[in-house]
Amino acid sequence: MTQLILALDVPEKRKAIDISRSLLGLVPWCKIGMEMFTAYGPDLITEIKGMGYRIFLDLKFYDIPHTVGRAVVSATRIGADLITLHCQGGERMLKEARAAADGCAAEGLAAPLLFGVTALTSFAPGEMPGITAPPSEFAQELADIAAACGLDGVVCSAHEVPEIKRRHARFACLCPGIRPAWAAANDQRRIMTPAAAVAAGADYLVVGRPILQADAPRKAAALVMDEIAAAEGKKL
Ligand code: C5P
C-alpha cells in the first residue's frame, strides 16, 4: 500500500505543530526538511515523533564517506526513521552510510531506511548542470548504484518508477513532485497525480504545498488519501 508523507515545509514551528496535529490519524509520515530542521533541529523531531508520526529526515546528505556515515548515526540517534542522501555521493559514500545505519543496532537503535536521491523532481530535461542525459535516464543509472550499495530505495519522480522497479523489484520508490489535478505545479517539473503515481508503483508519495497551502489542509490530505485508496483498489 502506497504511504503518504506530508512535507512539513513551513516557516514557523507553531504552524508545523498545528498542521501535524490536524492531520493526525490521516497521514502516517512527516518529512522534516532543510527549512524546519535548520531552524528547530532535533527538538522538533522529538515533538512530531511524540505525536505518533514516523519521521523522514530529508537533509539529502552529500559529503565525504566518513562525514556522511557519522551524520547517518546522528540522524538515527535523534529519531529519524528514514534518511535521504545523494546517490551522486558515489559508491563509497553510500556503502559507508549503509554500514553506519546497520551499526546503529549496537546502540540498540533500529536502523533507519536509507533512500538515495536521484534527479530532483524540479529538474526538467536539459536543466541539470553538467549532465547531458535526460533526468529519467540519469535517475535510472543512480538507482542502479543505490541498489548495488544496499540502500532501501530511491527518491525519484513517479515517471521513473516502472523502469526502476523492472530492474530492482524489491527496491522502494519514494516520489515527490506529486500534484493532484486540482493543485498548482509550483517549481516542480516531473510531476504526476497521486492516482497515476500509485498505478506506476510508487511506495511513498511526498506532498507538501497542495496540502499546506490549501484552505482546509485536512480536507486536502483526505482527498489525496482517497485518491490513493481508489487507485490501490484498481490495482487489485
Ligand atoms: O511542496 P511539494 O509537494 O513540492 O514538496 C515536495 C517536497 O519534496 C519538498 O520538501 C522537497 O524538498 C522534496 N523533494 C523534492 N524532490 C526530490 C527530493 C525531495 O521535491 N527529488
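Visitor: What makes you say that the ligand sits in the largest pocket?
Guide: More than half of the ligand's atoms lie within 2 Å of the grid points of the largest pocket, so by definition the ligand sits there. This is a predicted model, in which local features need pLDDT of at least 70 and side-chain atom pairs count only at pLDDT 80 or more, while totals for chains, interfaces and linings use all residues. Residues are numbered from 1 along each chain as its sequence is written, and side-chain values use heavy atoms, with hydrogens and water left out.

Visitor: Why is the space called a pocket?
Guide: On a 1 Å grid over the protein atoms alone, a pocket is an open set of points with protein on both sides within 12 Å along at least five of seven lines. The volume of the largest pocket, the space filled by 1.4 Å probe spheres set on its points, is about 600 Å³.

Visitor: Which residues line the largest pocket?
Guide: Its lining, meaning residues with an atom within 4 Å of a point, counts 30 residues, with Asp9, Lys31, Asp58, Lys60 and Gln188 nearest the centre. Strand E3 contributes the most, 3 residues. By type, the lining holds 13 nonpolar, 9 polar and 8 charged residues.

Visitor: What makes a residue part of the shell around the ligand?
Guide: One of its heavy atoms must lie within 4 Å of the ligand. The ligand has 16 such residues, among which Asp9, Lys31, Arg179, Gly208 and Arg209 come nearest. The shell is made up of 7 nonpolar, 3 polar and 6 charged residues.

Visitor: Why are the pairs at threonine 121, arginine 179 and arginine 209 called polar contacts?
Guide: A polar contact is a pair of N or O atoms within 3.5 Å. A ligand nitrogen is 3.0 Å from a side-chain N or O atom of threonine 121. A ligand oxygen is 2.7 Å from one in the side chain of arginine 179, and a ligand oxygen lies 2.8 Å from a backbone N or O atom of arginine 209. Each pair therefore meets the cut-off.

Visitor: How much of the ligand does the protein bury?
Guide: Of the 470 Å² that the ligand exposes alone, 88%, by the Shrake-Rupley method with a 1.4 Å probe.

Technical notes:
A polar contact is a pair of N or O atoms within 3.5 Å; within protein, one must be able to donate a hydrogen and the other to accept it, and residues adjacent in sequence count only if both atoms are side-chain atoms. Ala, Val, Leu, Ile, Met, Phe, Trp, Tyr, Cys and Pro count as nonpolar, Asp, Glu, Lys and Arg as charged, and the others, Gly among them, as polar. Helices (H or I, at least four residues) and strands (E, at least two) are DSSP runs, numbered from the N terminus.
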